[in-house]
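Hi,

Here is the structure I promised to send over. Have a look at it first, and then read on for what turned up.

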Amino acid sequence: MTAPDAERALTALIEAVRGPLGGIRAAIETLNRYPDMDASVAAQLHALIEEQALALSRVVEAAAAEAEAARRARRPLRSVPAPALRDALRRAVAGLDVEVVREAPPLRLRADPPTLGAAVRALAELVENAARPKRLVLALEGPGSVVLRWEGPAVRPERVGRWLGHPLPETPSAATIGDVVVHHGAALAATAGDTPALVLTLTPADEAGGDGATSSDAGA
Amino acid sequence: MPRILIVDDEPAIAVSLRFLMEQEGHAVTVAETGEAALTHARTEAPDLVLLDVMLPGLGGFEVLELLRSEGFAAPVVLLTAKGREADIARGHALGADAYVTKPFAIADVVATVRRLLPPDPP
């Protein structure tokens with residue numbers, strides 16, 4: 001999550017909390033200020049306090065779940081050999097009508113294969129639904145691009161932009177495609193032409209300054 | 001008897017404010033939407049409006065802007081969960097007389113209403 005995103009999320013949370021909290025405070029202060037008020041009004045205020053407390057709980061629980069999802073989406077990136085990452089992506093799209101290219105560039109990429117695999121699988125499903133391609137190919141190309149290329153109509157960039165908000169509920173992250181893309185420091189681009197494509201550009205490990213972490217096991 | 005229009009879709013706030021304003025000796029009307037607020041303000045000419053900003057449909061800022069453009073001159077107090085400086089500045093620029101951020105102390109609201117209402121005729 002970028003700093004502006006975090007600020008927006010925090011502002012939204014503050015505003016969502018202030019509503020029910022304002023109701024609770026107003027009701028309690030009114031009850032305290034007028035202890036002899038009509039019993040029916042007092043009962044109504046007590047019921048509203050309970051209702052607003054539940055609303056507040058729901059706001060906090062939703063925020064906590066969102067924070068947990070964001071935390072999980074930020075699993076550490078590892079230096080992964082491209083062939084191992086390709087194998088992880090192949091496992092991720094298993095069951096879909098996706099052809100995975102065997103060749104992979106001889107480099108290492110910074111990635112979290114489980115979350116990246118979930119995002120790529122979701123993108124493949126979205127392409128299948130949107131473009132009904134005759135053939136859908138997944139390739140890992142230099143210098144660090146995960147490419148979904150298909151034979152069929154192109155997808156408008158605005159639509160691809162909306163796909164970034166697509167949830168990944170069955171992954172460990174329970175995040176969105178966009179969360180995974182941002183976490184990987186990647187960019188998602190759509191290209192048109194005879195064979196339209198989605199290109200997810202990752203960072204080669206040796207360009208990332210190196211974190212000392214290496215792995216030959218992409219881990220599923 | 002001064003007439004107060006309370007506009008808020010949060011029942012706990014609307015019920016509390018209605019009770020408080022009635023205890024202060026005011027006649028109170030409550031609206032839950034911006035559209036209803038416009039109707040009440042136009043037909044009942046309240047002496048003061050307590051106006052929530054975050055309303056379903058037409059928001060409080062829009063209601064305030066419309067009323068001021070129609071020459072509505074009574075004091076308007078914005079009650080809102082929006083507490084950023086930019087929101088407060090917008091409220092004042094649109095013609096709000098006071099801006100109270102939720103969760104507020106009811107004593108502050110009562111004091112604000114007392115301050116803004118025209119004094120009783122002798």
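Before the details, one cut-off: a salt bridge here is a side-chain nitrogen of Lys or Arg within 4 Å of a carboxyl oxygen of Asp or Glu. By that rule B:D87 pairs with B:R84, with their closest N and O atoms 3.3 Å apart. Please keep in mind that this is a predicted model.

The two partners in that pair sit in rather unlike surroundings. B:D87 is buried, at a relative accessible area of 7%, whereas B:R84 is partly exposed, at 43%. B:D87 belongs to helix α4 of chain B, which covers residues 85-93. Setting aside residues up to four places away in sequence, B:D87 touches B:F61, B:K82 and B:Y99, and also A:E15 from the other chain.

That brings us to the interface. A:E15 and B:K82, both in the list of residues that B:D87 touches, form a salt bridge with each other through their side chains, at 3.6 Å from N to O. How many salt bridges does the rule find across the interface of chain B and chain A? One. On top of that, there are six residue pairs in polar contact across the interface, counting pairs with both residues at pLDDT 80 or more. On the side of chain B that touches chain A, α1 (11-23) and α5 each supply at least two residues. The biggest giver on that side is α1(B), with eight residues. Sorted by class, the chain B side has 14 nonpolar, four polar and seven charged residues.

As for the extent of the contact, chain B puts in 25 residues and chain A puts in 22. About 2,000 Å² is buried between the two chains, and carbon and sulfur atoms give 65% of that. In chain B, the residues that lose the most area to chain A are B:F19, B:P103 and B:I106, which together make up 27% of what that side buries.

Now for each chain by itself. Chain B has five helices and five strands, and along the sequence they follow the pattern β-α-β-α-β-α-β-α-β-α. Of its 122 residues, 52% are buried. Among contacts in chain B with a separation of 6 or more, 60% are between residues 24 or more positions apart. If you want a spot to look at in this chain, try B:T112 in helix α5 (residues 106-116). B:T112 counts as buried because its relative accessible area is 12%, and the cut-off for buried is under 20%. Beyond its neighbours within four places in sequence, B:T112 is in contact with B:V77 and B:A98.

Chain A has six helices and seven strands, in the order α-α-β-α-β-β-α-β-β-α-α-β-β from the N terminus on. Buried residues account for 44% of its 220 residues. For contacts in chain A between residues at least 6 apart in sequence, 69% join residues at least 24 apart.

What about the inside? The largest nonpolar core has 39 residues, and the members touching the most others are A:L85, A:L116, A:L138, A:L198 and A:L200. Several elements of chain A each supply at least two residues of this core, among them α3 (82-92), β4 (135-141) and β7 (197-201). Which element gives the most to this core? That is α4(A), with 10 residues. Take A:L198 as an example: not counting residues up to four places away in sequence, its contacts include A:L123, A:V127, A:W150 and A:W163. There is also a second, separate core of 35 residues, which includes A:A26, A:L48, B:L48 and B:V110.

Last, back to charges. The count over all chains comes to 18 salt bridges. In chain A, the side chains of A:D87 and A:R86 meet at 3.0 Å, N to O. A:R86 is buried at 14% relative accessible area, while A:D87 is partly exposed at 26%. Both of them are linked with A:R90 in a network of salt bridges. Another pair is A:E125 with A:R121, at 3.4 Å. These two are about one helical turn apart, because four residues separate them in helix α4 of chain A. A:E125 is partly exposed at 28% relative accessibility, and A:R121 is partly exposed at 26%.

Cheers

Technical notes
Residues are numbered from 1 along each chain as its sequence is written. Chains are lettered from A and ligands numbered from 1 in the order in which they are written. This is a predicted model: local features need pLDDT of at least 70, side-chain atom pairs count only at pLDDT 80 or more; totals for chains, interfaces and linings use all residues. Side-chain values use heavy atoms; hydrogens and water are left out. A nonpolar core is a set of buried Ala, Val, Leu, Ile, Met, Phe, Trp, Tyr and Cys residues joined through side-chain atoms within 4.5 Å. Buried means under 20% relative accessible area, exposed over 50%, partly exposed in between (1.4 Å probe, protein chains only). Contact means heavy atoms within 4.5 Å. Buried area is the accessible area (1.4 Å probe) that two parts lose on being put together, summed over both. A polar contact is a pair of N or O atoms within 3.5 Å; within protein, one must be able to donate a hydrogen and the other to accept it, and residues adjacent in sequence count only if both atoms are side-chain atoms. Ala, Val, Leu, Ile, Met, Phe, Trp, Tyr, Cys and Pro count as nonpolar, Asp, Glu, Lys and Arg as charged, and the others, Gly among them, as polar.
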